[in-house]
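Welcome, and thanks for taking a look at this structure with us. The report below starts with the ligand and its surroundings, then turns to a helix, a loop and some charged pairs.

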Amino acid sequence: MAEQPLLQACRVHKTYRFGAHGVEVLRGVDLAVHSGEWLAVLGSSGSGKSTLMHLLGGLDRPDAGKGEIRFRGEPLSLQPGSALDTYRNRDIGFVFQFYHLLPELSVLENTLLPALVFGARAKRRTALRRDAEALLGAFGLDHRLTHRPSQLSGGERQRVAIARALINRPAVLLADEPTGNLDATTGAGILDLLAERHKQGLTIVMVTHDREVAARATRQVHLTNGTSDSAAAQ
Ligand SMILES: Nc1ncnc2c1ncn2[C@@H]1O[C@H](COP(=O)(O)OP(=O)(O)OP(=O)(O)O)[C@@H](O)[C@H]1O
Ligand SMILES: [Mg+2]
């Protein structure tokens, strides 16, 4: 029997409604992400890549009764609210094109934020701080711990965003155009960092419209006309 996918979209539909009108962006998308994969999701602008990522990350829901997202075989729709919060916070790490760091917090505080959402005792806080410093150190940011995001370059900001996404040791990293706002060299640095984490076992789903970026993944999926097809990467 084939191994159960870690994360799955099953016949997912998503419609955005504007009053009486609706635009069906996803029309029965099937996607299976296996543990240890690095999947690239390709598609033209407006094809629904970000929409799909939001559904996979539990930030939004498919149309009622029209498909489901499953994590370790369990439909997200059957989880109570608290389990969904845990899913978003612990099982998934999310990285966005424009970093979404909090401007008033330092690099270290931004990184620690998801770990402190549910509160933590002093001893755990000390351990988490060490984890965050180790992550940021591995990403070449040891001299930037007390800086604010506004004092960093784009590449540095994205590295902080990735550290933040990894602080809770998620099973899957969802990265929506993680290099979309960076020059080619800086973007390649970010991809090297993702490759390193992938080698250590992290499962990654990465959206991009850039074929060279997609080539770094182990498999590619194309979104066209609201449905998906897949092909193994070269
Ligand atoms: N919250 C929303 N409300 C209404 N329409 C939306 C919403 N989010 C996305 N859309 C529409 O859904 C379609 C798909 O958007 P989406 O952002 O998923 O595309 P994308 O593939 O990520 O595009 P890009 O490459 O430009 O980021 C677009 O036509 C967009 O206008
Ligand atoms: Mg998008």
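A residue counts as near a molecule if one of its heavy atoms lies within 4 Å of it. Please keep in mind that this is a predicted model.

**Around the ligand**

With that cut-off, the residues surrounding ligand 1 are Y16, F18, V25, S44, S45, G46, S47, G48, K49, S50, T51 and E177. By class, this shell divides into 3 nonpolar, 7 polar and 2 charged residues. Two elements, β1 (7-18) and α1 (49-56), each supply at least two residues of the shell. The largest share comes from α1, with 3 residues.

Which side chains bring a polar atom to an oxygen atom of ligand 1? S45 does so at 2.5 Å, K49 has a side-chain N or O atom 2.7 Å from a ligand oxygen, and for T51 the corresponding distance is 2.6 Å. Taken alone, ligand 1 exposes 630 Å², and the protein buries 58% of that.

E177, another member of the shell, sits in the loop between β7 (172-176) and α6 (184-199). Does E177 have a partner of opposite charge, or is it without a salt bridge? E177 is buried yet has no salt bridge: the nearest side chain of opposite charge is that of K49, 4.6 Å away. The cut-off for a salt bridge is 4 Å between a side-chain nitrogen of Lys or Arg and a carboxyl oxygen of Asp or Glu. E177 does have a polar contact, since its side chain and that of H209 are joined at 3.0 Å.

**Helix α1 and the loop after β1**

Now for α1 itself. In this helix 6 of the 8 residues are buried, so α1 is largely enclosed by the rest of the structure. The buried residues are K49, T51, L52, M53, L55 and L56; K49 and T51 also belong to the shell around ligand 1. Just after α1, G58 takes a positive phi of about 70°.

Is G19 buried or exposed? G19 lies in the loop between β1 and β2 (21-33), and G19 is exposed, with a relative accessible area of 72%. Its C-alpha atom is separated by 33 Å from that of E74, 55 residues apart along the chain.

**Salt bridges**

The count of salt bridges comes to 9. Among them are these three pairs, with the N to O distance for each:

| Pair | N to O distance |
|---|---|
| R70 and E68 | 2.7 Å |
| D85 and R88 | 2.9 Å |
| R144 and E156 | 3.3 Å |

In the R70 and E68 pair, R70 is partly exposed at 24% relative accessibility, and E68 is partly exposed at 22%.

D85 and R88 are 3 residues apart in helix α2 (residues 81-91), so about one helical turn separates them. D85 is partly exposed, with a relative accessible area of 37%, and R88 is partly exposed as well, at 32%.

What does the salt bridge between R144 and E156 link? The pair links distant parts of the chain, 12 residues apart: R144 is in the loop between α4 (122-138) and α5 (154-166), and E156 is in helix α5. R144 is partly exposed, with a relative accessible area of 27%, whereas E156 is buried, at 14%.

Notes. Residues numbered from 1 in each chain as written. Chains lettered and ligands numbered in written order. Predicted model: local features only at pLDDT ≥ 70, side-chain atom pairs only at ≥ 80, totals over all residues. Heavy atoms only, no water. Polar contact = N/O pair within 3.5 Å; in protein donor to acceptor, adjacent residues only side chain to side chain. Areas by Shrake-Rupley, 256 points an atom, 1.4 Å probe, with all protein chains shown as cover. Helix = DSSP H or I, 4+ residues; strand = E, 2+ residues; numbered from the N terminus. Nonpolar A, V, L, I, M, F, W, Y, C, P; charged D, E, K, R; others polar. Buried < 20%, exposed > 50% of the residue type's maximum accessible area, 1.4 Å probe, protein only. Lys, Arg positive; Asp, Glu negative; His and termini not counted.
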